[in-house]
Amino acid sequence: MYNRRKMLLWAATTVSVAGFCAMPASAQETVKIGLIVPMTGGQASTGKQIDNAVKLYMQQKGDTVAGKKIEVILKDDAAVPDNTKRLAQELIVNDKVNFIAGFGVTPAALAAAPLATQAKIPEVVMAAGTSIITERSPYIVRTSFTLAQSSTIIGDWAIKNGIKKVATLTSDYAPGNDALTFFKQHFTAGGGEVVEEVKVPLANPDFAPFLQRMKDAKPDAMFVFVPAGQGGNFMKQYAERGLDKSGIKVIGPGDVMDDDLLNNMGDAALGAVTAHLYSAAHPSQMNKDFVAAYKKAFGNRPGFMAVSGYDGMHLIYEALKKTGGDTNGDKLVEAMKGMKWESPRGPISIDPETRDIVQNIYIRKVEKVDGELYNVEFATFEAVKDSGKTKK
Ligand code: PHB
C-alpha cells in the first residue's frame, strides 16, 4: 500500500515537472505584444497613460490568456515615425512579436502599417485619430477614436447653440486637418461662418501670436484641436492673453481638455464645451471603479488615451480567447471584427467593415465638482461610426 502511494506520487511529480519544463521555455507559449508609444518628448503624456493602462489591465485580468503567457515589450518612439518604423521592424524580426500596438500620433501609426501588412500581424492603434489610418492596412484595428467622430458633432452643436462666428486653431498635421475639415463641413452647412483660421506647428507650438489674431477676429467661440498633452500649455497662454475675459469660449474635440491636464488649467477652462469619447467624470459604475483603480496605482486621473490603451488590451485578450490562443494574424483580426464590450467610456464595438471603433460621443462642459475641474457630460450621441472615410 505504502509503495503504491509512493509510486503514484512519484509519477504525478514527474508528469507535472515535465509539463512545467515544456511550457514557459517554449516561445510558442508566450504571446508577445510590442507596445510602441512616445514615453519622451512632447507627446509623452500619451505614452505614459497607455503604458499605465496596459499595466492596470494586466494587473486586474492576469497575464495569462487562453493558456498563453502575455509579454508586453515597451518601446519609446518619441512620436518620431522613423523611430516607430525601426522599432516595429526590430520587434517583428528579432522579438517575433504577435501584435504591434500603441502609436501616439498618426504619422507613427502610418509608418508601422506596411510592416503589419507584411508580417501579417495585428496593429492595434490605441491613440492616433486620423480617419484614413485603418485603410492603410487590413491588419489595423483601432480602439482610440477619429477626429471626425467628435468634430462633426461639435459643429452641429455650435449651430444649435447660437454660435455664428468661429475662429479655428488646429495643429498643422493630419488629425488637425481632419478636425478642421469635418467641423467646417457641419458648421458652415448650418449657416456658421469661419472668420479666422490658423494652423500651429505640431512640435513645441507657441500659441501666443496666433491667440492675438484670434482675439482681434472677435469670434463667438474658438474651435481648437491640439493633440493630447498640449492642452495645458494652450490654456495657459489663452488665459495670459485674456481670451477668457473677452468671452471667446473654447469649443472643439475634447483633446484640448484632456482629463490628464484639466485640473491644472485653472478657471479659464470653465465653460469650455467639447465633444469627446471619454470623461473621467463619466457616471457609470465601471468608470468609477476604473478611475479609482488608476488613481490608486498611478496617483493621477486617467485621460482618454488611458481608456483607449485599456480597451486595446481588452481587444487583444478577447481576440486570443476567441482563437483559443492561436496567434495567426488573420484569425486574430477576424476575431476582433464586430467585437462589442462595455468600456469605462461606455458601450463600444469594432466596425466589422472598417475595423474602426464605434462609440458614444458625449458633449461635455468644464465645471467645478468638489473643487476639481471635470468635463461634465450633458448629451450623448450613441454608437457613432467614423464618417471621415466616406465623406472626404
Ligand atoms: C494623432 O496624431 O492622430 C492624434 C494624437 C493625439 C490626439 C489626437 C490625434 O489627441
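Modeller: In this predicted model, Ala, Val, Leu, Ile, Met, Phe, Trp, Tyr, Cys and Pro count as nonpolar, Asp, Glu, Lys and Arg as charged, and the others, Gly among them, as polar.

Biologist: With those classes in mind, how do the residues of the shell around the ligand divide?

Modeller: The shell divides into 10 nonpolar residues, three polar and one charged. There are 14 residues around the ligand, and the closest are T106, G129, Y173, A228 and D255.

Biologist: What makes the approach of D255 to the ligand a polar contact?

Modeller: A polar contact needs a pair of N or O atoms within 3.5 Å, and an N or O atom in the side chain of D255 is 2.5 Å from an oxygen atom of the ligand, so the pair qualifies. By the same cut-off, the backbone also makes polar contacts with ligand oxygen, through G129 at 2.8 Å and through A228 at 2.9 Å. Taken alone, the ligand exposes 280 Å², and the protein buries 100% of that.

Biologist: Why is the ligand said to lie between domain 1 and domain 2?

Modeller: Domain 1 (31–145 + 285–355) and domain 2 (148–276 + 361–384) both give residues to the shell, and therefore the ligand lies between them. The ligand sits in the largest cavity.

Biologist: Turning to the largest pocket, how do you know that domain 1 and domain 2 contribute to its lining?

Modeller: The lining of this pocket draws at least three residues from each of the two domains. Among the lining residues are G41, Q43, L202 and N204, and by class the lining has six nonpolar, six polar and no charged residues. About 210 Å³ of space lies in the largest pocket.

Definitions and conventions:
Residues are numbered from 1 along each chain as its sequence is written. This is a predicted model: local features need pLDDT of at least 70, side-chain atom pairs count only at pLDDT 80 or more; totals for chains, interfaces and linings use all residues. Side-chain values use heavy atoms; hydrogens and water are left out. A residue is near a molecule or strand if one of its heavy atoms lies within 4 Å of it. A polar contact is a pair of N or O atoms within 3.5 Å; within protein, one must be able to donate a hydrogen and the other to accept it, and residues adjacent in sequence count only if both atoms are side-chain atoms. Accessible areas come from the Shrake-Rupley method with a 1.4 Å probe; for residues, only the protein chains shown count as cover. On a 1 Å grid over the protein atoms alone, a cavity is a set of points where a 1.4 Å probe fits but cannot get out, and a pocket is an open set with protein on both sides within 12 Å along at least five of seven lines; lining residues have an atom within 4 Å of a point. A molecule sits in a cavity or pocket if more than half of its atoms lie within 2 Å of its grid points. Domain bounds come from an automatic or database domain assignment. Grid points are joined across faces, edges and corners, and a volume is the space filled by probe spheres set on the points.
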